[in-house]
Amino acid sequence: MEAHGEMDLRGFLDEEREKINLSRTLSFGARDQNSSESNVQFASPRPSSASSAKSIPLPAPMSPETPWTLSPVRMSPSQPLLYHCIASLHRHEGNIFSITLTKDFIFTGSESKRIHVWKQPDCTQMGYVRANSGQVRAILAHGRLLFTTHSDCKIRLWNVSITAENFRPKKIATLPQRNPFFLFTRKSTHQHRNIISCLAYNHEEKLLYTGSWDRTVKAWNVSENRCVDSFVAHDGHVNAIVVNEHDGCVFTCSSDGSVKIWRRVFGENSHILTMTLKFQLSPVNALALSLSPSTFLLYSGSSDGLINVWEKEKMSGRYNHGGFLQGHHFAVLCLVAIGDIVFSGSEDATIRVWRREEGNCLHSCLSVIEGHHGPVRCLAASLESDNLVKCLLIYSASLDQTFKVWRVKIYPAEKAYLEEPVKDRQREVVEFEMNPVLSPSWVEKKRQGDHFQ
């Protein structure tokens, strides 16, 4: 971003932030003991913001409970969403760090050495996979393959064959493999030096990508069980990694506040950096891709509570900032995108459901799902049906050591609402003077002396 005029834009941002005195202490109040989390709940559109570079700031009232500001509610003639909790489990083996899904089963990784297997959607326990090391921070399933990461900084590959009668896991390999000629050796040069925080798998190329707190990303050839590339990706912890199998692009995000896009060199194993996306200095914790014939969107969730939206240009392939989703009060820790629906889990113990409007980057918050008593650490989602009403299953794990399953039904948006002029809808999206992260376009217009009605 370029600064215009005599005043430096970064200095202006710092000056604006110094005027803000916000308490960031995270607390969780006691829940109503008489309420049942299995009861069906209707959800109206909730206070949210999906701002774009063309959004027009308007004044708005403050929330009495918090110094954070609330955006006006987008009223819809009908209730857009229905959800209820169909299962809730409390684990005594420590926090659940990771969730992955297959067609019929759920795998959860936690602090223990056991990776538990559950049947969808009622969470009937099928068994577990036992490893020699715990702290399963990342887990990924593809077909009968299961990839897990552990506290010994190694990756384990499993063949998980599950039937209605039994569960027979078999370890295929441990990466990196030990040199058979040396019984006592130092760590392999291909081994990560710190916690492996994330996984992504390119099925077409048979490449497994691992991101670590040692700031590196490694690519592993699953067929040959060897590391084929390793590179320093960021200046901080690598927190999330996703792969677009259509073009092979690898997306990484980090505590250094950046999202980077990597591409494999044609005919080689090495990867090169093609683009760096950096909208603010806040650490980026989560990534999600949304692909459709008409649009390609990248979502990044950060510690300031915002979800940034990046849209890919069809012609140039560049990613432009399409705005951000505002609503969470604390850090966004996990993201899942299915079609035009986005789910976000946060340190504020809530899950937000967002829907993208057809033909643009504007989003509406359909609901705020409450039920956890601690930060929502990881999410997974599957589509049950997509007829007139879209039905999804949401799996969430929290640092309160609970694992919950939600059934969410999303009703189609009102046609009249979708056909409103874009300019009128943009006027409903607001940015406030008390917003802890100011929109750069808002800052530039304010510096240029523009007045907003």
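In this predicted model, Trp118, Tyr395 and Phe403 come together as one aromatic cluster. Across the whole structure, the search returns eight aromatic pairs. One of them joins phenylalanine 231 and tryptophan 262, whose ring centres are 4.6 Å apart; the planes meet at 45 degrees, so the pair is classed as tilted. Phenylalanine 231 belongs to strand E15 (residues 226–232) and tryptophan 262 to strand E18 (residues 259–264), so this pair ties together parts separated by 31 residues in sequence. Phenylalanine 231 has a relative accessibility of 11% and counts as buried; tryptophan 262, at 6%, is also buried.

A further pair is formed by phenylalanine 296 and tyrosine 319. Their ring centres lie 5.9 Å apart with the planes at 70 degrees, so the arrangement is edge-to-face. This pair, too, links distant parts of the chain, with phenylalanine 296 in strand E21 (residues 296–302) and tyrosine 319 in strand E23 (residues 319–326), 23 residues apart. Both phenylalanine 296 and tyrosine 319 are buried. Lysine 312 lies over the face of phenylalanine 296, at 5.4 Å from the ring centre. Elsewhere, the charged end of arginine 114 is placed over the ring of tyrosine 128, 4.3 Å from its centre.

The protein contains four helices and 30 strands. Of its 453 residues, 54% are buried. The exposed surface amounts to about 21600 Å², of which carbon and sulfur atoms supply 50%. Among contacts with a separation of 6 or more, 52% are between residues 24 or more positions apart.

In soluble globular proteins, nonpolar side chains tend to be buried together. In this model the largest nonpolar core has 20 residues, and those with the most contacts inside it are Phe343, Val353, Leu379, Ile394, Trp406, Val408 and Ile410. Two or more residues are contributed to this core by each of several strands, including E3 (81–90), E24 (332–338), E25 (341–346), E26 (350–356) and E30 (402–410). Strands E27 (363–370), E28 (376–386) and E29 (390–398) are also on that list. Valine 408, leaving out residues up to four places away in sequence, touches Leu81, Leu82, Tyr83, Ile369, Lys390, Cys391, Leu392 and Ile394.

Another core, of 16 residues, lies apart from the 20-residue one and has Val242, Phe251, Leu287 and Trp310 among its members. Phenylalanine 251 is part of strand E17 (residues 249–254) and is buried, with a relative accessibility of 0%. Beyond residues up to four places away in sequence, phenylalanine 251 touches Ala240, Ile241, Val242, Asn244, Lys260, Ile261, Leu287, Leu289, Phe296, Leu298 and Tyr319. These contacts thus include both members of the edge-to-face pair, Phe296 and Tyr319. Alanine 240, another of the residues touched, is eleven residues from phenylalanine 251 in sequence, with a C-alpha to C-alpha distance of 8.2 Å.

Several backbone features fall in loops. The peptide bond between glutamine 120 and proline 121 is cis, with omega about -10 degrees; proline 121 is located in the loop between strand E6 (114–119) and strand E7 (124–130). A cis peptide bond also runs from leucine 175 to proline 176, with omega near -5 degrees, and proline 176 is in the loop between strand E11 (167–175) and strand E12 (196–202).

Asparagine 225 is not a glycine, yet has a positive phi of about 55 degrees. This residue is found in the loop between strand E14 (216–221) and E15, and its relative accessibility of 17% places it among the buried residues. Apart from neighbours within four places in sequence, asparagine 225 is in contact with Leu157, Ala173, Leu175 and Gln177. Leu175 in that list is the residue that precedes the cis bond to proline 176. Alanine 349 likewise has a positive phi, of about 75 degrees, without being a glycine. It sits in the loop between E25 and E26 and is buried, with a relative accessible area of 1%.

The mean pLDDT of the protein is 77, with 71% of residues at 70 or more. Over residues 44–77 the pLDDT is below 50, and this stretch has 97 contacts in the model beyond near neighbours in sequence. Residues 415–443 also stay under 50, with 73 contacts beyond four places in sequence.

Methods. Residues are numbered from 1 along each chain as its sequence is written. This is a predicted model: local features need pLDDT of at least 70, side-chain atom pairs count only at pLDDT 80 or more; totals for chains, interfaces and linings use all residues. Side-chain values use heavy atoms; hydrogens and water are left out. Rings of Phe, Tyr and Trp (its six-membered ring) pair if their centres lie within 6.5 Å; planes under 30 degrees apart count as stacked, over 60 as edge-to-face and the rest as tilted. Buried means under 20% relative accessible area, exposed over 50%, partly exposed in between (1.4 Å probe, protein chains only). A charge sits over a ring if NZ of Lys or CZ of Arg is within 6 Å of the ring centre and within 35 degrees of the ring normal. Contact means heavy atoms within 4.5 Å. A nonpolar core is a set of buried Ala, Val, Leu, Ile, Met, Phe, Trp, Tyr and Cys residues joined through side-chain atoms within 4.5 Å. pLDDT is the predictor's confidence in each residue, from 0 to 100. Accessible areas come from the Shrake-Rupley method with a 1.4 Å probe; for residues, only the protein chains shown count as cover.
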